[in-house]
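Grab a viewer and work through these exercises with the model open. Each one has a task, then a solution in steps.

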Amino acid sequence: MDAFGGRLVSKLRCCNCGHSSVTREPLIDISLEIEGVDSVPAALESFTKIEKIEFSCERCKTHGPFEKQLLIDHAPTVVVLHLKRFKNNGLVVQKVEKNVLFPLELDMLLYTNDINNEEMKYDLYAVIVHYGPSTSSGHYYSFIRCAPNEWYKFNDEKVDYVQEDLVLAEHAYIMLYAKRGTPWFSDYIEIHRPFVNLVIPTTSNDVSDETSLKLALNKIENNDSHVKVYCEDQLQNVEIKQDEELTDALDRNSHGSSVNGKKRKLQD
Ligand SMILES: [Zn+2]
């Protein structure tokens, strides 16, 4: 719930006497109407816009116009947006195959009840696509953004590296946006991968200067990005670098465990 659970607020205001009421409810995902809009920000704007409805006022006892507005009262760490691509026309459920643009970045502050004006930037990190004509048939596949410029397509057992523009051209069904500052998947991999350093002997002739050493290292490293290979001549530098990496990773790990500790405490 810490990651996905938020809160929605519904505000009602009588246009006759100004009497207002507020109702809050839990929020897991936001279902967005896509009729009449061509982008996710436009759909969110429409979702949170002030509507006029007819309602009975408990204070002035008249049945008349009310202003109604839905806003995000508390935005979760991960905002899940669902597009209403399946329409029930009373007889059958039809799929709406229209292109709805979804940005890489969302400013959720525009759609919240928050008056603190604290920055609420969210980054797209996953997209789920439904392929097929109806809810009862078809196939789902997804895209995960492991790092800011690194996307993978997950289609059953097949995983492919894909270009970002191909992802953004999809008819997305569900999009997941993470609050800026949330670690990317690549950050987790960086923390948990083993620190494997192979040492290969070199002579001063092989690597006569820093540039050729860097070229040699790049060449080796490009063959396998998960294994770092260092030359003997540079071992001292490597040790310093490795220490920094370890300290950094340990810092991040210890932060992680303190957060978990806090969570356990809250659940008790
Ligand atoms: Zn009233």
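Let's begin with a strand pair: eight bridges join strand E1 (residues 6–14) to strand E5 (residues 63–74), and the two run antiparallel. Before going on, note that this is a predicted model, where local features need pLDDT of at least 70, side-chain atom pairs count only at pLDDT 80 or more, and totals for chains, interfaces and linings use all residues. Residues are numbered from 1 along each chain as its sequence is written.

**Exercise 1.** Work out the order of the open sheet of four strands, and find its edges.

*Solution.* Start with the vocabulary: strands (E, at least two residues) and helices (H or I, at least four) are DSSP runs, numbered from the N terminus. Two strands pair if DSSP finds at least two bridges between them. To get the E1–E5 register, look at Val9, which stands opposite Leu71 in E5. Now extend outwards: the order is E2-E1-E5-E4, with antiparallel pairing. The edges are strand E2 (20–27) and strand E4 (51–56), each pairing on one side only.

**Exercise 2.** Which side of H1 do its buried residues take, and what do they pack against?

*Solution.* First, the cut-offs: a residue is buried if 20 or more other C-beta atoms lie within 10 Å of its own, exposed if 12 or fewer, and partly exposed in between, with C-beta atoms placed from the backbone. In H1, the buried ones are Val40, Ala43 and Leu44. They cover an arc of only 100° around the axis (taken from the directions from the helix axis to the C-beta atoms), so they sit on the same side of H1. That fits a familiar rule: an α-helix has 3.6 residues a turn, so residues three or four places apart point the same way. Finally, the buried residues of H1 pack against strand E3 (29–32), E6 and E14.

**Exercise 3.** Is Leu101 buried or partly exposed, and which residues is it in contact with?

*Solution.* Locate Leu101 in the loop between strand E8 (93–95) and strand E9 (105–107). Then count: Leu101 has 14 C-beta neighbours inside 10 Å, so it's partly exposed. Next, list contacts (C-beta atoms, placed from the backbone, within 7 Å). Skipping neighbours within four places in sequence, Leu101 is in contact with Asp38, Ser39 and Val40. For a last check, Leu101 and Val37 are 64 residues apart in sequence but 9.4 Å apart in space, C-alpha to C-alpha.

How values were computed. Two residues are in contact if their C-beta atoms, placed from the backbone, lie within 7 Å.
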